[in-house]
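Trainee: Could you walk me through how to read a few features of a model? I would like to start with strands and sheets.

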Amino acid sequence: MENNEPVVETPEAQNDLPEVERLKGEVEFLKAELEASKNKFLRLYADFENYKKRMVQELEAAQRNGKFDAVRALLGTLDDLERALGFASVKPEDLIPGVRSVLENFTRSLKSLGVEAVPGVGAEFDPRYHEAIGAVEGEEGKVMHVYQQGFKYGDLLVRPARVVVGSGAKPEEAEGPKPSAESN
């Protein structure tokens, strides 16, 4: 038994039909908006990944260029040392002025790279730049002797200076009080 009667929609069912259509349209709109947001996110993510790779490459290039500049600046010192050794075999007495010249050139090369010596003899002892390895009689808190020169690069300490610091104390008489002339 088939029911071939046409389905008659009630007024309430007719009212629900536009609501369903509206909701379907809203779902489609939200799907399209979600897809657009997803695509935007994927593009941004890909851009960020490319940025990270580019930054790593630029950092490596900057490090390589910095090392290259340092090596280039120091090659002159190598040349000077080779020349000094050549002169030393001919005239050994000329070695000292040659080595002094090499030292001056090397110091200039370091300075051109931004490396400076830490203050030495006569400077106030500063634990940020000095490593005390001893104390001797002398003005308290002053650097009296430098065993190993320290260097800094801008605000960075490359190597602290190894120094002897003045203690301010006078040495005690080792033999005790001196005998007076009257005791004899």
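Mentor: Happy to; we will go through strand pairing, then burial, then contacts and surface. Keep in mind that this is a predicted model.

Trainee: Thanks! How are strands held together in a sheet, and what is the order of the open sheet of three strands here?

Mentor: In general, strands of a sheet pair through backbone hydrogen bonds, either parallel or antiparallel. Here, the open three-stranded sheet runs S1-S4-S5, and its pairing is antiparallel. Strands S1 (115-117) and S5 (156-159) are at the edges with a single partner strand each, so each has one side without a neighbour in the sheet. From one strand to the next, the twist averages 35 degrees.

Trainee: Over how many bridges do S4 and S5 pair?

Mentor: Strand S4 (residues 151-153) pairs with S5 over three bridges, in the antiparallel sense. To find the register, look at Phe 151, whose bridge partner in S5 is Arg 159.

Trainee: Now for S6: which strands pair with it, and in which sense, parallel or antiparallel?

Mentor: S2 pairs with S6 in the parallel sense, over six bridges. There, Gly 134 stands opposite Val 164 of S6. Strand S3 (residues 143-148) pairs with S6 too, but in the antiparallel sense and over four bridges. In that pairing Val 146 has Val 163 of S6 as its bridge partner.

Trainee: Is strand S6 largely enclosed or left open by the rest of the structure?

Mentor: Burial is judged by relative accessible area, with under 20% counting as buried. Five of the six residues of S6 (residues 161-166) are buried, so the rest of the structure largely encloses this strand.

Trainee: Let me try a loop residue. Where is Asp 126, and what does its side chain contact?

Mentor: Asp 126 lies in the loop between S1 and strand S2 (130-136). With a relative accessibility of 17%, Asp 126 counts as buried because the cut-off is under 20%. Its side chain makes a polar contact with the side chain of Arg 128, at 2.7 Å.

Trainee: And on the surface, which residues form a nonpolar patch?

Mentor: Phe 41, Leu 42 and Tyr 45 do, together offering about 330 Å² of accessible area. Leu 42 belongs to helix H1 and is partly exposed, at 45% relative accessible area.

Trainee: What about Leu 75: where is it found, and how far is its C-alpha atom from that of Phe 106?

Mentor: Leu 75 is in helix H1 (residues 11-90) and is partly exposed, with 42% relative accessible area. Its C-alpha atom is separated by 9.6 Å from that of Phe 106, which is 31 residues away along the chain.

Notes
Residues are numbered from 1 along each chain as its sequence is written. This is a predicted model: local features need pLDDT of at least 70, side-chain atom pairs count only at pLDDT 80 or more; totals for chains, interfaces and linings use all residues. Side-chain values use heavy atoms; hydrogens and water are left out. Helices (H or I, at least four residues) and strands (E, at least two) are DSSP runs, numbered from the N terminus. Buried means under 20% relative accessible area, exposed over 50%, partly exposed in between (1.4 Å probe, protein chains only). Two strands pair if DSSP finds at least two bridges between them. Axes are lines fitted to C-alpha atoms, for helices over the stretch in contact, and angles run from 0 to 180 degrees between N-to-C directions. A polar contact is a pair of N or O atoms within 3.5 Å; within protein, one must be able to donate a hydrogen and the other to accept it, and residues adjacent in sequence count only if both atoms are side-chain atoms. Patches are made of residues with over 30% relative accessible area and no salt bridge: like charges are joined within 9 Å, nonpolar side chains (Val, Leu, Ile, Met, Phe, Trp, Tyr) within 5 Å. Accessible areas come from the Shrake-Rupley method with a 1.4 Å probe; for residues, only the protein chains shown count as cover. A salt bridge is a side-chain nitrogen of Lys or Arg within 4 Å of a carboxyl oxygen of Asp or Glu.
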